[in-house]
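User: I'm new to this one and would like a close look at a single part: the aromatic rings and what sits around them. Could you walk me through it in plain words?

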Amino acid sequence: MKLRRSSLSVPGNSVKMLTKSAESQADCIVIDLEDSVPVSVKEKTRNELPDILRQLNFGQKELAIRINSLTTGFAHMDLVQVIKADPDAIVIPKAESPEDVIYVDRLLTSLENNGAGTKMVTIQAIIETARGVQSVDEIAGSSRRLTALIFGIGDYLADTGARITAWTDEIAAMCIYARSRMLLAAAAAGIDAIDSVYPDFKDADGLRAESQKGAMMGFKGKWAIHPAQIEVINESFTPTMDEFRRAKRMVQAYEKAMEQGKGSIAIDDKMIDEAAIKIAQKQCAMAKHLGLWDQI
Ligand code: COA
Ligand code: MG
């Protein structure tokens with residue numbers, strides 16, 4: 001099990017922020033070469049990145065690098081260069097077709113066969129354009145390297161012609177069709193769906209409310225743009241101890257009922273169906289992964 005509750009985006013040209021991200025509690029660090037890095041320093045940033053990363057210790061965190069989008073003149077050499085930093089994953093922005101993922105997959109295979117990296121690099125794709133949403137089913141099933149789809153709300157709003165001047169809490173709800181469609185595509189392909197950034201990084205209450213709604217829908221995590229968002233996101237995408245306890249009770253009662261040849265069970269005077277058991281089993285797996293099993 002790989003937890004992707006929080007993914008912290010870090011501008012690739014800020015050694016200070018890269019250093020800070022390594023010390024953070026984020027499950028995944030996404031080093032950005034795209035929108036947060038000015039065109040004038042893009043080549044310098046990617047060329048210096050492997051040496052900078054060699055001096056930092058990211059511990060158990062998943063280390064991902066977001067390359068520039070595939071229609072820019074940067075993407076190909078971004079990949080060739082950043083593979084030297086031995087990342088766990090490559091993030092493709094503005095993914096619009098299965099061919100986008102296949103292109104990165106093949107290039108990674110070629111680089112790996114040439115001796116680059118120490119492991120099979122995985123891919124995460126950002127769905128943030130109208131074409132990306134329309135092709136999301138094919139994108140989700142396009143490569144065995146693909147582990148997650150991420151919803152990119154800012155570019156999605158720009159691409160679909162939204163008329164927005166300031167961030168409000170209605171915006172995520174407004175994008176419910178695209179977010180749900182991506183969530184379904186990810187679930188059908190057996191990969192993670194990650195919800196979009198919450199740009200107002202000073203508003204912890206708004207972030208918590210939106211993260212909790214995303215977690216209830218089935219998103220596995222959310223992007224963060226600021227270290228202050230990580231704790232709220234990690235908490236929101238982790239069941240509470242009470243939820244874990246209830247899940248354990250349900251699974252144990254279910255296993256006992258099965259042994260006794262009973263097909264259905266009741267807890268607290270409510271019937272527990274197979275679907276509820278599946279949710280509880282996933283929560284139990286997470287509790288074990290987090291080392292909480294003996295405490296619940
Ligand atoms: N990763 C790591 N460290 C970060 C960070 C990030 N994404 N964002 C801020 N920090 C650090 C700052 O360097 C600062 O460190 P210090 O206390 O050692 O000085 C500390 O956290 C507090 O930062 P703060 O002063 O509140 O914010 P800021 O004005 O420096 O930065 C942003 C605000 C929005 C510019 C910055 O958070 C950022 O660049 N975020 C990422 C943007 C991005 O990745 N965009 C592309 C994806 S949408
Ligand atoms: Mg974007």
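Analyst: Before we start, a word on labels: helices, written H, and strands, written E, are DSSP runs numbered from the N terminus. Also keep in mind that this is a predicted model.

With that naming in hand, let's begin at tyrosine 177, which you'll find in helix H9, residues 176–189. Is tyrosine 177 buried or exposed? Its relative accessible area is 55%, and the cut-off for exposed is over 50%, so tyrosine 177 counts as exposed. It has company out there: together with Ile176 and Met217, Tyr177 makes up a nonpolar surface patch, and the three share about 290 Å² of accessible area.

Now for rings that meet other rings. How many aromatic pairs does the structure hold? There are two. One of them joins phenylalanine 151 and tyrosine 156, with 5.2 Å from centre to centre and 55 degrees between the planes, which makes the pair tilted. Both phenylalanine 151 and tyrosine 156 are buried.

The other pair brings together tryptophan 167 and tyrosine 198: their planes stand at 85 degrees with ring centres 5.8 Å apart, so this pair is edge-to-face. It connects distant parts of the chain, 31 residues apart. Tryptophan 167 belongs to the loop between H7 and helix H8 (171–174), while tyrosine 198 belongs to the loop between strand E7 (192–195) and helix H10 (204–217). Their surroundings are worth a look too: tryptophan 167 is partly exposed at 24% relative accessible area, whereas tyrosine 198 is buried at 0%.

Some rings have a charge over them instead. The charged end of lysine 248 sits 4.4 Å from the centre of the tryptophan 293 ring, over that ring. Likewise, lysine 42 places its charged end over the ring of phenylalanine 74, at 5.9 Å from the centre.

One last stop, since H7 has already come up: the metal site. The magnesium ion (ligand 2) is coordinated by Glu128 (OE) and Asp155 (OD), at 2.0 to 2.2 Å. Glutamate 128 is in the loop between strand E5 (122–127) and helix H5 (130–134), and aspartate 155 is in helix H7 (residues 153–159), so the two tie together parts that are 27 residues apart in sequence. Glutamate 128 is buried, with 3% relative accessible area, while aspartate 155, at 25%, is partly exposed.

Methods. Residues are numbered from 1 along each chain as its sequence is written. Chains are lettered from A and ligands numbered from 1 in the order in which they are written. This is a predicted model: local features need pLDDT of at least 70, side-chain atom pairs count only at pLDDT 80 or more; totals for chains, interfaces and linings use all residues. Side-chain values use heavy atoms; hydrogens and water are left out. Patches are made of residues with over 30% relative accessible area and no salt bridge: like charges are joined within 9 Å, nonpolar side chains (Val, Leu, Ile, Met, Phe, Trp, Tyr) within 5 Å. Accessible areas come from the Shrake-Rupley method with a 1.4 Å probe; for residues, only the protein chains shown count as cover. A salt bridge is a side-chain nitrogen of Lys or Arg within 4 Å of a carboxyl oxygen of Asp or Glu. Helices (H or I, at least four residues) and strands (E, at least two) are DSSP runs, numbered from the N terminus. Buried means under 20% relative accessible area, exposed over 50%, partly exposed in between (1.4 Å probe, protein chains only). Donors are N, O and S atoms within 2.8 Å of the metal (3.2 Å for Na, K and Ca); water is not among the atoms, so sites may look incomplete. Rings of Phe, Tyr and Trp (its six-membered ring) pair if their centres lie within 6.5 Å; planes under 30 degrees apart count as stacked, over 60 as edge-to-face and the rest as tilted. A charge sits over a ring if NZ of Lys or CZ of Arg is within 6 Å of the ring centre and within 35 degrees of the ring normal.
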